[in-house]
Amino acid sequence: RPAEEARPGRPAIAVVAHRGASDDAPEHTLAAYRKAIEDGADALECDVRLTADGHLVCVHDRRVNRTSNGRGAVSALELADLAALDFGSWKEAVEDARRTGGREVHADEEPDWQPGNAERTSVLTLERLLELVADADRRVELAIETKHPTRWAGQVEERLVELLARFGHTKPATRDWTPPVRVMSFSARSLHRVRAAAPGIPGVYLMQFLTPRHRDGRLPPGVGIAGPGVRILRAHPEYVAKAHRAGHQVHVWTVNETDDVAMCRDLGVDAIITNRPKQVRTQLGLR
Ligand code: G3P
Ligand code: CA
């Protein structure tokens with residue numbers, strides 16, 4: 001990895017695929033995550049929510065309205081309800097509109113996509129995503145974000161830790177093994193719950209704004225990694241050095257524009273979370 005040479009003594013910047021390679025495939029689908037692995041992503045980011053019957057599924061919004069042909073809150077639907085929905089076609093519609101500017105599409109212009117392709121259209125469970133990563137022919141990490149667990153106080157984290165334990169990820173780290181997963185949240189309480197049940201799993205504290213409490217680079221107790229939005233770094237580039245001085249890695253989201261990638265590289269961040277893992281790797285000179 002040539003970029004390692006540009007960061008003497010430090011590993012290359014990790015490239016994390018945000019909701020999979022979500023510029024190219026519908027977010028949070030198996031197809032988006034397979035593409036991210038093919039594109040060389042070091043890690044996959046996913047948001048998790050709990051269904052009414054206790055399954056963790058990879059869905060960003062509280063409701064399924066934006067990313068599927070259904071309606072309603074994930075927490076009010078059962079896995080079977082979600083399995084009956086189409087989580088992919090909205091993306092094709094967006095892409096068609098972008099490609100054609102609204103003009104009628106002819107059959108020979110259709111993208112290489114079939115409505116029956118379940119990997120592009122089915123809801124994805126966290127369990128299936130953990131299997132995908134376990135079956136990969138190289139180490140691929142998972143950065144799992146717990147969305148604000150209001151309705152299910154504590155149950156999201158409980159279920160998450162159970163699942164991670166089943167995959168062997170909650171064992172204590174050794175010299176030769178570290179867990180290939182980390183848990184991210186805007187909620188310090190959520191990170192605290194995970195840490196209490198599985199102390200070996202690294203936590204990432206996500207920040208949309210830099211509050212006075214965190215301006216000096218410190219994080220909530222026990223949290224190891226800072227997760228600022230890229231806008232924070234545009235306004236406060238000095239934050240990266242402060243967080244590093246306080247002993248924290250810095251994982252930045254969601255970095256899609258080339259200027260922002262260059263800024264992150266120059267500031268020495270540790271991970272870039274992006275919808276475009278292939279493009280970012282190319283820009284960083286990573287093979
Ligand atoms: O990776 C963190 C980032 O995903 C947080 O924002 O809204 O995309 O989940 P959001
Ligand atoms: Ca997220």
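The following exchange sets values from a predicted model against the definitions behind them.

User: What makes this a model to be read with thresholds, and how are its residues and chains labelled?
Analyst: Because the model is predicted, local features need pLDDT of at least 70 and side-chain atom pairs count only at pLDDT 80 or more, while totals for chains, interfaces and linings use all residues. Residues are numbered from 1 along each chain as its sequence is written, and chains are lettered from A and ligands numbered from 1 in the order in which they are written.

User: What pLDDT does the protein average?
Analyst: On pLDDT, the predictor's confidence in each residue from 0 to 100, the protein averages 92, and 90% of the residues score at least 70. Over residues 1–5, however, the pLDDT is below 50.

User: Why are H7 and H8 called oblique to each other?
Analyst: Helix H7 (residues 155–166) and helix H8 (residues 188–197) pack at an angle of about 40°. Angles under 35 degrees count as roughly parallel, over 145 as roughly antiparallel, 65 to 115 as roughly perpendicular and the rest as oblique, and H7 and H8 are therefore oblique.

User: Which residues surround ligand 1, and how do they divide by class?
Analyst: With nearness set by a C-beta atom, placed from the backbone, within 6 Å of the molecule, the residues around ligand 1 include His-18, Glu-45, Asp-47, Trp-253 and Ile-273. Counting Ala, Val, Leu, Ile, Met, Phe, Trp, Tyr, Cys and Pro as nonpolar, Asp, Glu, Lys and Arg as charged, and the others, Gly among them, as polar, the shell has 4 nonpolar, 3 polar and 3 charged residues.

Terms used:
Axes fitted to C-alpha atoms, helices over the stretch in contact; angles between N-to-C directions. Helix = DSSP H or I, 4+ residues; strand = E, 2+ residues; numbered from the N terminus. Contact = placed C-beta atoms within 7 Å.
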